[in-house]
Amino acid sequence: MKKNIKILLAVCIAFAVVCVAIVLVVTVIVDPNEYKTEIVQLVREKTGRNLEFEGDIKLSFYPHIGFDVGAVALGNAPGFPDLDMVRIKRANVALELVPLLSGKIVVGKVLLDGLYLHLIRNAHGLANWENLAGNNEEAAAPPSSDADGTAMSLEELTVQGVEITNAKMVYSDLQNQSETSLDNLNLKLGAIHGTADIPFELGFDLVLDQPKFDIRPKLSGNIRLDTAAGTAALNNFSLSVLDLQFAGEVHANYLGDSPSFSGNMELAETSLRDLLKKIGADLPDMPDSSALKRFSAAIQFAGTGDSAELKTLTVKLDDSTLTAEGKVTDFAAPQIFINAKIDALDADRYMPSQTKSDSEDKTDDSDSAKRAEEPNLDALRNLILDALLKIGSLKAMNVKATDIRINVDAHDGLLAVSPLFNLYDGQFEAHTRLDATGNIPSWKGNGRLQGLDTRSLLHDLLGKEMISGTTSVEYNLSGSGLTADKIKKTVSGTASFAITDGSVLGLDVAKMIRDSWNSIMKADVEGNETGDFNFSRLTASAKLKNGHVVNEDLLFDSPLVEADGSGWADLPANKVDYKAMITVVGSLDGLEGEILDTVKDLPLPLQVKGALDAPSIGMDMEAMTGLLVTAGISVGLDTLADSLLKKMDDDDSADEAEDEAEDSSKDDIEDLFGDLF
């Protein structure tokens with residue numbers, strides 16, 4: 001037994017001596033720098049690039065077997081700028097010696113300092129990294145394996161850490177004349193062993209040339225890889241950029257024919273206003289200085305190689321909360337499904353304050369329409385979308401709507417939008433369809449508004465109550481083109497509206513007529529009175545054809561006044577010609593006797609004519625003259641009689657007075673109805 005032990009010890013000692021001798025030969029006799037020329041020549045043959053060693057290669061033996069490389073640079077291929085593609089200031093890697101004796105590979109910390117990587121896409125669209133393999137057409141060698149054919153697994157490899165310091169990466173796109181760079185990049189990876197978590201820290205400066213952008217994100221977390229199961233995970237992920245704090249995790253399965261991923265992420269509450277200012281956004285003055293101050297988000301997602309699913313999305317902005325879910329299937333021909341809901345939104349908080357005068361804001365609409373071009377709808381032609389948006393309450397321009405539901409459906413160039421919501425005791429429902437399959441898009445739509453409380457709407461919209469009543473509106477229109485000019489030229493269909501049981505608030509018609517009468521008769525004008533002008537209905541409908549609008553059935557009924565009207569408007573030509581006939585048919589308190597006898601049943605012809613955006617509104621004097629002659633003139637007859645008696649002796653003077661009185665009567669009638677209407 002003792003003899004066997006001695007023999008074993010002798011063998012071990014001999015093996016150790018041989019190992020030491022080999023190491024001495026390698027470290028003392030062999031100089032790796034002598035092979036630089038061969039390495040440079042091999043790289044040139046395989047890649048056509050220049051490799052330059054600017055420093056020495058040093059070997060180490062105990063307790064590690066490794067090497068330390070000084071500055072090295074790899075140039076670009078022909079056809080690219082004469083610049084370094086890769087440059088390394090220093091690299092160091094080593095293997096633990098003792099674990100090798102038991103067949104294990106333990107790599108010490110891998111150090112890479114001063115890495116510079118410049119990726120270029122030239123003017124012809126070629127990239128400087130595409131031909132690194134040269135012209136070698138041999139298939140890549142299969143992964144190394146042991147004697148029984150089993151490939152080396154990740155569990156058999158241990159790396160004590162990786163550290164990349166002072167690195168810089170640049171991407172130049174010579175086609176688009178843009179450049180993006182990652183500067184001051186520092187990456188630290190913890191120990192890599194089997195499927196254990198690998199902690200990491202990453203920080204860099206991101207600089208964009210177009211558009212100008214400069215940020216310094218910092219990332220940290222744990223990476224877990226399981227090559228046998230084909231899974232990867234990013235746990236306890238944290239990202240800090242522009243004072244935004246993200247946290248979450250991502251999991252992926254990359255084996256098989258159907259890779260998949262899932263994860264979640266949260267954005268801690270931050271100020272969106274401050275963020276927009278930091279990235280150079282020019283925010284308008286808003287009426288609410290606290291708007292955009294509170295912003296946060298949370299998302300859960302999943303997907304495969306051909307689809308993605310938004311399981312939940314929650315976005316909070318100030319006092320509003322958006323929740324959504326969605327899905328995209330078949331990335332080659334995407335089909336998108338979205339279901340979103342907003343609890344409440346006050347859009348007025350984010351509207352720009354009115355600081356400019358109306359004259360500063362005005363633009364030449366006609367010139368703008370002429371310059372406008374049809375929008376590019378190519379994306380719509382290939383879009384398949386099924387979306388639903390619900391809004392509990394919405395306020396815009398101080399107008400409030402509730403229970404909003406908007407359906408959007410797009411399929412092969414056809415887009416349908418169907419809104420439904422409640423508006424001041426009324427309900428609005430519409431359906432609009434856009435056909436973008438042709439060269440010029442066509443559209444059609446119909447809608448109905450019923451039961452609208454007009455008084456409340458005008459109070460919120462204009463800040464004052466002008467008209468009360470229940471309003472209904474219907475339309476069925478179609479046309480082609482999406483510019484203002486083409487819409488005006490092609491819009492066709494029908495439209496109508498009705499206001500019932502209404503009032504013109506604050507309009508005391510009886511007092512207006514009495515005041516006008518007293519002014520004509522040189523009597524005292526009465527004191528202030530208030531009242532409303534009630535009416536039973538105001539209705540009208542229109543027919544449209546290629547921008548020409550015709551109305552023939554305007555009706556207005558009230559206890560005092562009736563009116564009807566007809567006319568036309570030409571939208572492309574910007575012209576209007578409309579006539580309305582207004583008649584006093586009844587009496588009101590304080591409006592009777594001589595006054596009523598004078599104005600009752602005497603029609604007043606009003607005319608709207610000229611440019612549609614600046615029409616001339618007044619009485620149709622030709623029609624008015626005929627009506628006065630037909631109806632007879634009673635106003636001013638007493639005055640005329642007195643004048644005749646006083647000038648009985650002078651026929652010429654009497655004739656002259658009669659002419660003056662008749663002209664005065666016409667003017668007085670005109671003044672009376674002009675003040676009233």
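This presentation describes a predicted model of one protein chain, from its overall composition to selected strands, helices and ring pairs.

Good morning, colleagues. I begin with the chain as a whole. The protein chain has 677 residues, and 31% of them count as buried. Its secondary structure comprises 14 helices and 34 strands. The exposed surface of the chain comes to about 40500 Å², of which carbon and sulfur atoms supply 56%. As for contacts, if we take those with a separation of 6 or more, 50% are made by residues 24 or more positions apart.

I turn next to a run of paired strands, in chain order. Strand β19, residues 307-317, is joined to β20 by 9 bridges, and the two run antiparallel. Within that pairing, Leu310 stands opposite Gly326 of β20. β19 and β20 form a hairpin with 2 residues between the strands, and in its turn Asp318 has a positive phi of about 55°.

Strand β20, residues 320-329, then pairs with strand β21, residues 335-346; the sense is again antiparallel, and there are 8 bridges. Two positions show the register. Thr323 stands opposite Lys341 in β21, and Glu325 has Asn339 as its bridge partner in β21. This hairpin has 5 residues between its strands, and Asp330 takes a positive phi near 55° there.

Which sense does the pairing of β21 with strand β22 take, parallel or antiparallel? Here the strands pair in the parallel sense, over 11 bridges, with β22 covering residues 384-396. Gln335 stands opposite Ile384 in β22. As a general reminder, side chains in a regular strand alternate between the two faces of the sheet.

I move on to two helices. Helix α2 covers residues 36-47, which is 12 residues. At 1.5 Å a residue it should span 16 Å, and its end C-alpha atoms are 16 Å apart, so the expected and modelled values agree. Just after α2, Gly48 takes a positive phi of about 75°.

Helix α8, residues 454-462, offers a view of packing. Its buried residues are Thr454, Leu457, Leu458 and Asp460. Why do we say that they line one face of the helix? Seen down the axis of α8, these buried residues fall within an arc of 165°, and therefore they line one face. In general terms, an α-helix has 3.6 residues a turn, so residues three or four places apart point the same way. What do the buried residues of α8 pack against? Their partners are three strands: β23 at 399-411, β26 at 442-453 and β27 at 467-480. Just after α8, Gly463 takes a positive phi of about 80°.

The next topic is the aromatic rings. The structure holds 5 aromatic pairs. One of them is formed by Trp129 and Tyr171; this pair is tilted, with 6.5 Å centre to centre and 55° between the planes. The pair links distant parts of the chain, since Trp129 lies in the loop between β8 (116-121) and β9 (157-173) while Tyr171 lies in strand β9, 42 residues apart. Are these two residues buried or partly exposed? Trp129 counts as partly exposed because its relative accessibility is 32%, and Tyr171 is partly exposed as well, with a relative accessible area of 30%.

Phe421 and Phe428 form another tilted pair, at 5.2 Å centre to centre and 40° between the planes. Both Phe421 and Phe428 are buried. In addition, ring pairs link Phe533, Phe535 and Phe556 into a cluster.

Finally, I mention one residue in a later strand. Lys579 is placed in strand β32, residues 575-584. Its relative accessibility is 42%, so Lys579 counts as partly exposed. How far apart are the C-alpha atoms of Lys579 and Leu606? They are separated by 5.7 Å, although the two residues stand 27 residues apart along the chain.

To close, I would point again to two items in this predicted model: the run from β19 into β20, joined by 9 bridges, and the buried face of α8, within its arc of 165°. Thank you for your attention.

Terms used:
Residues are numbered from 1 along each chain as its sequence is written. This is a predicted model: local features need pLDDT of at least 70, side-chain atom pairs count only at pLDDT 80 or more; totals for chains, interfaces and linings use all residues. Side-chain values use heavy atoms; hydrogens and water are left out. Helices (H or I, at least four residues) and strands (E, at least two) are DSSP runs, numbered from the N terminus. Buried means under 20% relative accessible area, exposed over 50%, partly exposed in between (1.4 Å probe, protein chains only). Contact means heavy atoms within 4.5 Å. Accessible areas come from the Shrake-Rupley method with a 1.4 Å probe; for residues, only the protein chains shown count as cover. Rings of Phe, Tyr and Trp (its six-membered ring) pair if their centres lie within 6.5 Å; planes under 30 degrees apart count as stacked, over 60 as edge-to-face and the rest as tilted. Two strands pair if DSSP finds at least two bridges between them. The expected span of a helix is 1.5 Å times one less than its number of residues. The arc is that of the directions from the helix axis to the C-beta atoms.
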